[in-house]
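Here are a few short exercises to work through with the model open beside you. Try each task before reading its solution.

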Amino acid sequence: MKQIFSAVFESVWKRKETKLFLAFSLYPLIYFVASFFGQSNFMQIANADGIKVGYLDFADMMMNSMDMLILPTLALYFLTISVFRRETDDHTMFLYKDINRKNIYLSKYFSLIIILVIYFALFFLSSLLVHYTRVAHLDFGTTRFMSDTLYYTLLELLGLFTVFLKGIVSISVASLVSLRFGTGATMTTAIVFTIVMMIMPMIGGPMAMLFPSGYKQFIETVPDMWIGFVGSLVITLLYAVLGSVFSLKKFKHLEF
């Protein structure tokens, strides 16, 4: 896989869908512009009970706002479809004739994971820039990096971590559905699955545990925090392994 990974990653990196997805990582810059329009209700931060907003608080707000938009997740689905489905739709699978299909699939999958990591890195950099050039100097802002308590710091870190894990789940689901059913079915699945993944943690209960963010319901104190991290990681690995196994089975039998 090492021999072909760089070539596969380069092809993924050059896609227009990659640039579209990464563009959403600059979402905090929209707040930077909106913050100069104090009379508007668009993207304004409410200062409840005089609580000061540190960097991690701001990053968590921006990430939750992005997650609620659904658009970044749909862009990730669209990118995954282009990576796994394009060669089939364009009838160019013959390019892989002499290359191990497992290595091709894993190279594509991990290339998407790296794109997801880059997306989060750009998000943290852009939110860091906006916070310390704008938010920290507003009435409700502070230069503090973490939240005001250890509990909320860990809770916000968990929230950011689970959004990342939800990205891995989305890649795993999109690769499986796109290879087996095509683009239309994948985008329909993306919309339904994303909405369900957003709503179920709010409802709670056993069904919420099927998603990475569904383990927050068990966290009430700092000692409970491990449940959220371990539980969300385990369920994500389950999606990744099962999705890859069934996707690879289909990928190996695609016709040239």
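**Exercise 1.** Work out how helix H7 and helix H9 are oriented where they pack, and sort the residues of their contact by character.

*Solution.* Start with the geometry of this predicted model. Helix H7 covers residues 150-181 and helix H9 covers residues 225-251; their axes lie 9 Å apart, at an angle of about 10 degrees. Next, apply the cut-off: angles under 35 degrees count as roughly parallel. H7 and H9 are therefore roughly parallel to each other. Finally, sort the contact between H7 and H9: 19 residues are nonpolar, eight are polar and three are charged.

**Exercise 2.** Which residues form a nonpolar patch on the surface, and which helix gives the largest share?

*Solution.* First list the members: Met68, Ile191, Val192, Ile195, Val196, Ile199, Met202 and Ile203. Together they have about 730 Å² of accessible area. Then assign them to elements: helix H8, residues 183-203, supplies the largest share of the patch, with seven residues.

**Exercise 3.** Decide whether Val196 is buried, partly exposed or exposed.

*Solution.* Locate the residue first: Val196 sits in helix H8. Now recall the limits: buried means under 20% relative accessible area, and exposed means over 50%. Val196 has 33% relative accessibility, so it counts as partly exposed.

**Exercise 4.** How many helices and strands are in the chain, and what percentage of its residues count as buried?

*Solution.* Count the elements: the chain has nine helices and zero strands. Read from the N terminus, the order is α-α-α-α-α-α-α-α-α. For burial, take the 256 residues of the chain: 48% of them count as buried.

Methods. Residues are numbered from 1 along each chain as its sequence is written. This is a predicted model: local features need pLDDT of at least 70, side-chain atom pairs count only at pLDDT 80 or more; totals for chains, interfaces and linings use all residues. Side-chain values use heavy atoms; hydrogens and water are left out. Patches are made of residues with over 30% relative accessible area and no salt bridge: like charges are joined within 9 Å, nonpolar side chains (Val, Leu, Ile, Met, Phe, Trp, Tyr) within 5 Å. Accessible areas come from the Shrake-Rupley method with a 1.4 Å probe; for residues, only the protein chains shown count as cover. A salt bridge is a side-chain nitrogen of Lys or Arg within 4 Å of a carboxyl oxygen of Asp or Glu. Helices (H or I, at least four residues) and strands (E, at least two) are DSSP runs, numbered from the N terminus. Buried means under 20% relative accessible area, exposed over 50%, partly exposed in between (1.4 Å probe, protein chains only). Axes are lines fitted to C-alpha atoms, for helices over the stretch in contact, and angles run from 0 to 180 degrees between N-to-C directions. Angles under 35 degrees count as roughly parallel, over 145 as roughly antiparallel, 65 to 115 as roughly perpendicular and the rest as oblique. Ala, Val, Leu, Ile, Met, Phe, Trp, Tyr, Cys and Pro count as nonpolar, Asp, Glu, Lys and Arg as charged, and the others, Gly among them, as polar.
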